[in-house]
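I opened this structure to practise looking things up one at a time. My entries follow the order in which I asked.

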Amino acid sequence: APGTVLITGTTSGVGLYATKALIDLGWKVITANRSPERAEKAAVKLGLPFRCPKQLQHISIDLSDLDSVSKGVKDLLDKLDEPLDALVCNAAVYMPRLSKPRRSPQGYELSMATNHFGHFLMIQLLLENLSKSKRPVWKGRSWGIESSRLVMLGTVTANYKELGGKIPIPAPADLGDLSGFKEGFLDPICMASGKRFKPGKAYKDSKLCNMITIQELHRRFKDSSVVFSSLYPGCVANTKLFRNTPKIFQWLFPLFQRFVTGGFVSQPLAGKRVAQVVSSPEFGISGVHWSWGNRQKKNGEQFSQKLSERITDPETASDVWDLSMKLAEVN
Ligand code: NDP
C-alpha cells in the first residue's frame with residue numbers, strides 16, 4: 001500500500017516529476033520548499049493533485065538555513081498523524097559561475113549548506129520518525145510490513161569510479177583532508193578541503209557528501225527498518241539545475257547528452273525512477289546507489305552502481321558524519 005513521503009525541492013525538475021509519479025502510485029506527498037506557493041503553482045500546472053486534495057501538501061523549509069530546517073521539521077512532526085514512510089532528499093543548487101562564494105545564514109558556502117548540511121540536519125531530525133513507519137504490503141499470501149525509505153539524489157559527477165566523475169572541469173569531487181570542515185567552514189573558508197574556491201566543484205563536493213551520508217547511514221543503522229539508498233536518475237540535462245550556466249551551454253548540453261553520450265533522460269522518466277526507488281520492493285536493499293547507466297538503453301534495468309573509495313571509505317565517512325553533526329548544529 002502506498003504511504004506518505006516527504007520530498008524536498010519540487011518547484012521544478014526531478015522533484016516535481018517525482019511528486020507526480022508518486023501521486024500516480026497513490027502516495028500522499030508532502031513537499032518541502034523555500035516557497036510552498038511556487039511549489040503549489042508548479043504542481044497545479046501539472047494537474048496535481050488529481051484525486052484528493054489531501055494527497056498533496058506543501059510545507060515551508062529553506063534548506064540553506066539550519067533554523068528554517070529545524071523549525072519546518074518540528075512543525076511537520078507536530079502535525080503528522082502517522083510516521084513518514086519515506087524521505088526524498090532532492091533539492092539542490094548548482095552555481096558554477098560564481099566568482100566568490102555565497103553564504104548561508106549560518107555563514108557556510110551556499111551549495112554545501114543547501115545540498116548537504118540542510119539535508120543532513122533534516123535526516124537527523126526525521127530518522128526516528130521514519131523508523132516507526134509500518135507501511136503494509138501484500139506479500140503474495142498475507143500482509144507484511146514494507147521497509148521505510150530514505151532516498152538521496154546522487155550524481156555521476158561525484159563518483160570517481162565513473163568517467164563522468166573524473167571530468168576535470170573545474171575538478172573532480174574531492175574532500176581532501178576535510179580541513180575546511182575541521183576549521184569551522186566559515187569565511188574565508190569555502191571548500192570542505194580548505195582549498196581555493198571552485199564553484200562547480202563546490203556542487204560536486206556537496207553531492208559527494210550526500211552520497212557518503214547514505215553509505216554512513218547504512219553502516220550505522222544497518223539493523224533499523226529504514227532502507228538507505230541513493231540514485232543517479234540519468235542526465236536530466238534540461239532542468240532548471242543548469243539555470244546558472246551560460247545560455248549556449250543550456251542549449252548545447254541537452255543535445256550533447258541526447259545525441260552524443262546517449263545519457264539524456266526526460267524529467268518524467270527521472271521522476272518515475274525516483275518513485276520506484278521510494279516505493280518498489282525491488283529497491284528495498286539498503287546501502288545501494290542505483291543507476292540505469294550513463295548511456296540510456298530502451299527498457300534498461302536498474303543496477304547497483306560501483307562507488308569510488310571517496311564515497312565508501314568508512315574512515316572518511318565517519319569524519320564527514322562527525323563534522324556534519326557539528327556544523328549542521330545537530331543536538
Ligand atoms: P532543479 O533546479 O530543477 O530543482 C532543484 C529544486 O531544489 C528546486 O525545486 C529548487 O527550488 C529546490 N531548492 C533549491 N534551493 C533550495 C533551498 N534553499 N531550499 C529548498 N529547496 C531548494 O534541479 P534538478 O531537478 O535537475 O535536480 C534535482 C536533484 O537531482 C538534485 O539533487 C541534483 O543534484 C540531482 N541530479 C540532477 C541531475 C540532472 O541531470 N539534472 C543528474 C543527477 C542528479 P527553487 O525554485 O526555490 O530554487
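These entries deal with the ligand, then the sheet and its helices, then some backbone details.

**Entry 1, ground rules.** I noted that this is a predicted model, in which local features need pLDDT of at least 70 and side-chain atom pairs count only at pLDDT 80 or more, while totals for chains, interfaces and linings use all residues. Residues are numbered from 1 along each chain as its sequence is written, and side-chain values use heavy atoms, with hydrogens and water left out.

**Entry 2, the ligand.** I looked up which residues come nearest to the ligand, and of the 32 around it these are R34, R38, N90, Y203 and T239 (a residue counts as near if one of its heavy atoms lies within 4 Å). By class, this shell holds 13 nonpolar, 13 polar and six charged residues; Ala, Val, Leu, Ile, Met, Phe, Trp, Tyr, Cys and Pro count as nonpolar, Asp, Glu, Lys and Arg as charged, and the others, Gly among them, as polar.

I then checked distances to oxygen atoms of the ligand: a polar side-chain atom of T11 lies 2.7 Å from one, and an N or O atom in the side chain of R243 lies 2.8 Å from one. The protein covers 98% of the 900 Å² of accessible area that the ligand has on its own (Shrake-Rupley method, 1.4 Å probe). The elements that give two or more residues to the shell are α1 (13-24) and α6 (199-220), where helices (H or I, at least four residues) and strands (E, at least two) are DSSP runs, numbered from the N terminus.

**Entry 3, the sheet.** I traced eight strands forming an open, mixed sheet in the order β3-β2-β1-β4-β7-β8-β9-β10 (two strands pair if DSSP finds at least two bridges between them). Because β3 (56-60) and β10 (303-304) stand at the edges with a single partner strand each, one side of each is left without a neighbour in the sheet. Strands β1 and β4 run parallel and are joined by three bridges, and I7 has V88 as its bridge partner in β4.

Helix α4 (residues 110-131) packs on the sheet, and its direction makes about 170 degrees with that of β4 (contact means heavy atoms within 4.5 Å; axes are lines fitted to C-alpha atoms, for helices over the stretch in contact, with angles from 0 to 180 degrees between N-to-C directions).

**Entry 4, the backbone.** Most residues other than glycine have a negative phi, and most peptide bonds are trans. I found a cis peptide bond joining I169 and P170, with omega about -5 degrees, and another joining D187 and P188, with omega about 5 degrees. L178, which is not a glycine, has a positive phi of about 65 degrees, and L178 lies in the loop between β7 and α5.

Conventions: Polar contact = N/O pair within 3.5 Å; in protein donor to acceptor, adjacent residues only side chain to side chain.
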